Amino acid sequence: MLSAGLLLLALQGAQAQELKIGYVNSDRVLRDATPAKAAQSRLEQEFSRREKELADMAAKLKAASDKLEKEGPALAESERARRQRDLVEQDRDFQRRRREFQEDLNQRKNEELAAVVERANRVIKQIFEQEKYDLILQEAVFAGPRVDITDKVIKALNANGGK
């Protein structure tokens with residue numbers, strides 16, 4: 001509410017001069033711009049092997065668990081206990097690897113996202129200065145198409161790679 005009041009005051013203070021306001025939908029930029037798509041592609045390429053290894057490991061674990069459940073009643077108690085311990089150990093290893101994978105993936109996503117955001121901010125600043133905007137917002141409850149410059153930002157990022 002306070003920021004809306006300040007904006008109204010600024011609008012009133014600019015009586016003879018019209019404010020030039022722009023809005024950028026950051027989610028669209030981070031989803032649709034070529035540098036963002038390239039970052040997503042790099043992540044998929046970088047992590048696909050580990051993801052497949054985890055999927056294979058999960059399938060083997062499930063198969064071993066199903067086999068133990070099926071054969072369990074016919075096994076000697078010591079053999080059943082040994083297999084259960086092995087399964088618990090394999091599951092613990094799987095959970096650890098999955099957690100490490102997720103942490104590594106999140107860290108790399110944050111790095112890639114930060115690089116794209118930095119490039120997008122440079123493009124937005126360039127548009128701000130070249131087209132003499134008074135204000136460019138990245139968060140808005142509503143923004144009309146007249147002030148939405150998201151497509152312009154995406155085109156600029158795509159044209160020069162965001163540099």
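Helix α5, an aromatic pair and the nonpolar cores

On the side of α5 away from its buried residues, Lys155 and Ala159 are exposed in this predicted model.

User: Which residues of helix α5 are buried, and how are they arranged around its axis?
Analyst: Helix α5 spans residues 150-160, and Lys155 and Ala159 are exposed on its other side. Its buried residues are Thr150, Val153, Ile154 and Leu157. Seen down the axis of α5, these buried residues fall within an arc of 100 degrees, so they line one face of the helix.

User: What covers the buried residues of α5?
Analyst: The buried residues in question are Thr150, Val153, Ile154 and Leu157. Their cover includes one strand and several helices, namely β1 (21-23), α2 (26-32), α3 (34-71) and α4 (77-130).

User: Which element gives the largest share of the largest nonpolar core?
Analyst: The largest nonpolar core has 13 residues, and those touching the most other members are Val24, Val29, Ile127, Ile136, Ile149, Val153 and Leu157. The elements that give two or more residues to this core are α4 and α5. The largest share, four residues, comes from α4.

User: How many residues does the second, separate core have?
Analyst: Apart from the core of 13 residues, there is a second one, whose members include Leu54, Leu61, Phe94 and Leu105. The size of this separate core is eleven residues.

User: What geometry does the pair formed by Phe47 and Phe101 have?
Analyst: The count of aromatic pairs comes to one. The ring centres of Phe47 and Phe101 are 5.7 Å apart and their planes stand at 80 degrees, and since an angle over 60 degrees counts as edge-to-face, the pair is edge-to-face.

User: How many residues apart in sequence are the parts that this aromatic pair ties together?
Analyst: Phe47 is buried, with a relative accessible area of 5%, and Phe101 is buried as well, at 7%. Phe47 lies in helix α3 and Phe101 in helix α4, so the pair ties together parts whose separation in sequence is 54 residues.

User: How far is the charged end of Lys20 from the centre of the ring of Tyr133?
Analyst: Tyr133 is also one of the residues touched by Ile127, along with Lys132, Ile149, Lys152 and Val153, when residues up to four places away in sequence are not counted. The charged end of Lys20 sits over the ring of Tyr133, and its distance from the ring centre is 4.6 Å.

User: Which residues does Gln90 contact, leaving aside its neighbours within four places in sequence?
Analyst: Gln90 is found in helix α4 and is partly exposed, with a relative accessible area of 39%. Its C-alpha atom is separated by 7.1 Å from that of Leu61, which is 29 residues apart from Gln90 along the chain. With those sequence neighbours set aside, the contacts of Gln90 are Met57 and Leu61.

Methods:
Residues are numbered from 1 along each chain as its sequence is written. This is a predicted model: local features need pLDDT of at least 70, side-chain atom pairs count only at pLDDT 80 or more; totals for chains, interfaces and linings use all residues. Side-chain values use heavy atoms; hydrogens and water are left out. Buried means under 20% relative accessible area, exposed over 50%, partly exposed in between (1.4 Å probe, protein chains only). The arc is that of the directions from the helix axis to the C-beta atoms. Contact means heavy atoms within 4.5 Å. Rings of Phe, Tyr and Trp (its six-membered ring) pair if their centres lie within 6.5 Å; planes under 30 degrees apart count as stacked, over 60 as edge-to-face and the rest as tilted. A charge sits over a ring if NZ of Lys or CZ of Arg is within 6 Å of the ring centre and within 35 degrees of the ring normal. A nonpolar core is a set of buried Ala, Val, Leu, Ile, Met, Phe, Trp, Tyr and Cys residues joined through side-chain atoms within 4.5 Å.
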